[in-house]
Amino acid sequence: MLSQPPRRNIDKARWPRLSPLLDELLDLSADQRPARLGVLEAEDPELAADLRELLWRQDAMDAANYLATPALQAMEAQQVKPSNRAGQQIGAYSLEREIGRGGMGTVWLARRTDGRFEGLVAIKFLNAGLLGRGDAGRFAREGQILARLAHPHIARLLDAGITANDSGEQPYLVLEYVDGLPLDRYCETQALKARARVALFQDVLAAVAHAHTRLILHRDLKPSNILVTSAGEVKLLDFGIAKLLHEEGTDREASAATELSALAGRAFTPRYAAPEQVQGGEVSTATDVYALGVLLYLLLSGQHPTTPGDEEQTTPLERMRTLVEVAPKKLSDQVTDNKPLARELRGDLDTIVAKALKKLPAERYTNAAELAEDLRRWFNHEPITARPDSKAYIFAKFVRRHRVAVAAGSLGLLTLSASVGVALLKGQEAQEQRVQAEGLIEFMLGDLRKKLEPVGRLDVLDAVGEKALGYYAQQQLGSTDADSLGRRARALHLMGEIAEKRGKLDEADQFFKQAAISTSELLSRSPRDTRHIFEHAQSEYWVGYIARRRGEAGEAHQKFESYLALATQLTQIEPGHPRWEVEQASAQMNLGVLLLDSGQTHGALAAFTASVGSWNEIATKNPESNFELANAHGWVARTHERVGNFQSALKSLDAKVAAIQARPSTSANSKLESLLAGSYYDAARMHLALGQADSARQAASASIQRFTRLVASDPENLDWLLQLCQAKLELADALDTASLTQAIAPFERLNRDVERLLLQGGGNKLLPKNVALKARWLLLDARKNPSNYTQSRGEPLRAFIQEVGVLAQAGKTLSPSQQGAVARVELLLGDLLSRTSPPQALALWERVSATLLPASEKGDIPLTVIRAHALARLGKTQEAQSLVERLKASDYKHPLYAELLTFIANTSSQGNAT
């Protein structure tokens, strides 16, 4: 063992130089190290002194057998154990038993005994034997932090105070008592699958994100601080080492808070600490993200990302070096012995976890909310924002490790950046330099953007956009030549598209409107120039598109009308030009969608019909365009359905199917096969609405066959699985009860598939997109097993209605089809309760009538039928009959309508008999 050197503070900036040399020395035997140290000392005495210090610390820890005794036992051996406090009164609470102990204090289970309220709480005391500089303040700060947090997944602070004991005054906090298991143990005991674990982890992220929005860090996220109750409810505990990122109050208070944070800086659990924590660096919300990444890695793979296997085989120093320097093994590579799990983790989930575990905070997700959003996108099979490490990123890591070797190349890049600034400055003085500047802007916003977009780094272009906008603002459009105006418009379009992709709609609106000014100026100079007409049409489209996204329907309508007029002008000037024909057909379709969204069905139908005509002409020359023609027919069908013209909707769907089949290679194209399967499903709905049960069954069966093949080709595509389940439920609606009982094969896997889809909400949460699915599934189950629902008084239906109520309280709005499905469940529950609890049944039917009244008044035929059912059950036969008279004018002959007529007839005959 080396003799002890004078105690040194090692500058963390020297670690990159120290690390490889320390590895080299540790690989040498103890008698070989002095010679090597002597060589290093001759080259750099300070470096050698640091290495001696690190080696001495390593030897000291090895000699002390550091890991042989738990830290808690060591601490207890150095202090007097606290007296048994069972039965002691703390304010309004009586202590029962100790339930936890840590570095800061002990936690007791207590019961409120003042008679005002009853219940268990957890009381946390600060260990007097550990009280040192900063600890009392840190403990008090925990109470202040928890008092500012109000979230269902964070254990609530109920009370706080100071009690006296033999050691003096002792502060305490009274916290919500959580009876649960640590997060990792809960997942194991419940044998949760990967998607269910991610769903549960989203609750953890929601709690941490809540703290982050209040500028609060946790800094000690680990399984024991995250409990899950038997009901599956997540509770985040212990903000005792949280750091406030911002303090209100005087400078003195802010200074005190900063000092307190510094004193708390090393209060963390090394196994879940971020590299910047163990190096004594600045912490941020990204520090919590790292710990969350470790947690997620553990939950999904069962392994720690940086210290897999038996930790006792490695020293603390080795583990620290691994944490700081070694990139974790890819998540999916940790579970190669479980191929199905490896496939599920491979790809986007690998990328998400890898980003959360980046060594540099700036390369991670900024906060918990960003991590949660990418996991939500993965859950819903949407594109994630994180990207796998590219060759450029790997090269950048190489540059970071070899700064001297690439210094010359970096100088060249800096020179280029400087020349950009000079070019922009001098562009106002000479035409040649202006062309150079504007060309450079186009390159940076065009070609450079294409390189940055796949890696999610469009923010790099913010400064370019600001400089370019400032440069263009100084130009006088009237005296600017056409080429410069064109470059200006293209650059502004690019900046607008970048802003739109990043969700900055106000900025995008500004860019696109500025571009429209340029294209309008060009058009005024050459009104018949098709290039300028096209460019101004693009400007009008983008301004209208952004207005639509911002909810400004009037401006959106005006701009889309202008876009269509310009596109039509192009086809008039150059008839037969393929590009202009496509532009006109697209403009007609866009205008139709906007009008349909705003309830202007007649205008929408006219626009869609015109679009069908345009696409039909295009498809005769280019069969590939049958895809767009099919979509146009689909929009026409949707509009006919909206106004209750189901026969016309069915004809449009037949035309849609024909267009899809006319496109080459339909069967080999999953996108087209999905479109075809969806078309048959819609056709089944229309046939059933027309009372054509046999045709509805045939169309539903055709849809089921195609979606079954698609799901078999990609079992992880939950969108296809959802549509398959919907097609099966449509088939069930087209079968009478006797046929439904006999038709076992089509519904063999339905229950399992529906349950899988419902687990997307974590198993105990109903997602808005699954409302209609679950409602129709329950209605089918009630048809197949009526006695179960009679005996339970409709308990599954009641539970579902409560779930829908939770969504309503959260501000979720149901679509018309979802409203109809929920209303049918409420009708059925009312029927089940009508004999045993008539008031409850009446309340349900009244709610259906009131909820569907607005849609019924607007002419929604399916919802009008359901409302008439509710009115008839309420005894309001005359009102129900008036709705029937309205329905007679339509071609709606759905089984629900036939049931309504039968119900009213039976009610009337019973009344006459009475």
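**View 1. Leu227 meets its bridge partner.** Leu227 has Lys235 of E9 as its bridge partner. This is a predicted model, so keep that in mind when zooming in on side chains. The two strands behind this pairing are E8, made of residues 226-229, and E9; they run antiparallel to each other and share three bridges. As general background, strands in a sheet pair through backbone hydrogen bonds, in a parallel or an antiparallel way.

**View 2. The three-stranded sheet around E8.** Step back a little and you get an open sheet of three strands, in the order E7-E8-E9, with antiparallel pairing. Strand E7 (180-182) and strand E9 (234-236) sit at the edges, each pairing on one side only. On average, and ignoring direction, neighbouring strands here are turned by 35° against each other. Helix H7, covering residues 194-213, packs on this sheet and touches both E8 and E9. The direction of H7 makes an angle of about 35° with that of E9.

**View 3. Lys235, a lysine under cover.** Is Lys235 of strand E9 buried or exposed? Lys235 has a relative accessibility of 7%, and because the cut-off for buried is under 20%, it counts as buried. What does its side chain make a polar contact with? The partner is the side chain of Glu176, at 3.2 Å. Glu176 also turns up among the residues in contact with Lys235 once neighbours within four places in sequence are left aside. That list also holds Pro152, His153, Ile154 and Ala155, along with Val178. Asn225, Ile226 and the bridge partner Leu227 complete the set of contacts.

**View 4. Ala619 in helix H25.** Now for another part of the chain: Ala619 belongs to helix H25, which spans residues 601-621. Ala619 has a relative accessible area of 9% and is buried. Leaving out residues up to four places away in sequence, Ala619 touches Ser625, Asn626 and Leu629. Ala659 lies 40 residues from Ala619 along the chain, and their C-alpha atoms are 9.1 Å apart.

**View 5. The chain behind the close-ups.** For context, the chain has 914 residues, and 46% of them count as buried. Its secondary structure adds up to 40 helices and nine strands. If you look at contacts between residues at least 6 apart in sequence, 62% join residues at least 24 apart. The chain exposes about 45100 Å², with carbon and sulfur atoms supplying 52% of that area.

Technical notes. Residues are numbered from 1 along each chain as its sequence is written. This is a predicted model: local features need pLDDT of at least 70, side-chain atom pairs count only at pLDDT 80 or more; totals for chains, interfaces and linings use all residues. Side-chain values use heavy atoms; hydrogens and water are left out. Two strands pair if DSSP finds at least two bridges between them. Helices (H or I, at least four residues) and strands (E, at least two) are DSSP runs, numbered from the N terminus. Axes are lines fitted to C-alpha atoms, for helices over the stretch in contact, and angles run from 0 to 180 degrees between N-to-C directions. Contact means heavy atoms within 4.5 Å. Buried means under 20% relative accessible area, exposed over 50%, partly exposed in between (1.4 Å probe, protein chains only). A polar contact is a pair of N or O atoms within 3.5 Å; within protein, one must be able to donate a hydrogen and the other to accept it, and residues adjacent in sequence count only if both atoms are side-chain atoms. Accessible areas come from the Shrake-Rupley method with a 1.4 Å probe; for residues, only the protein chains shown count as cover.
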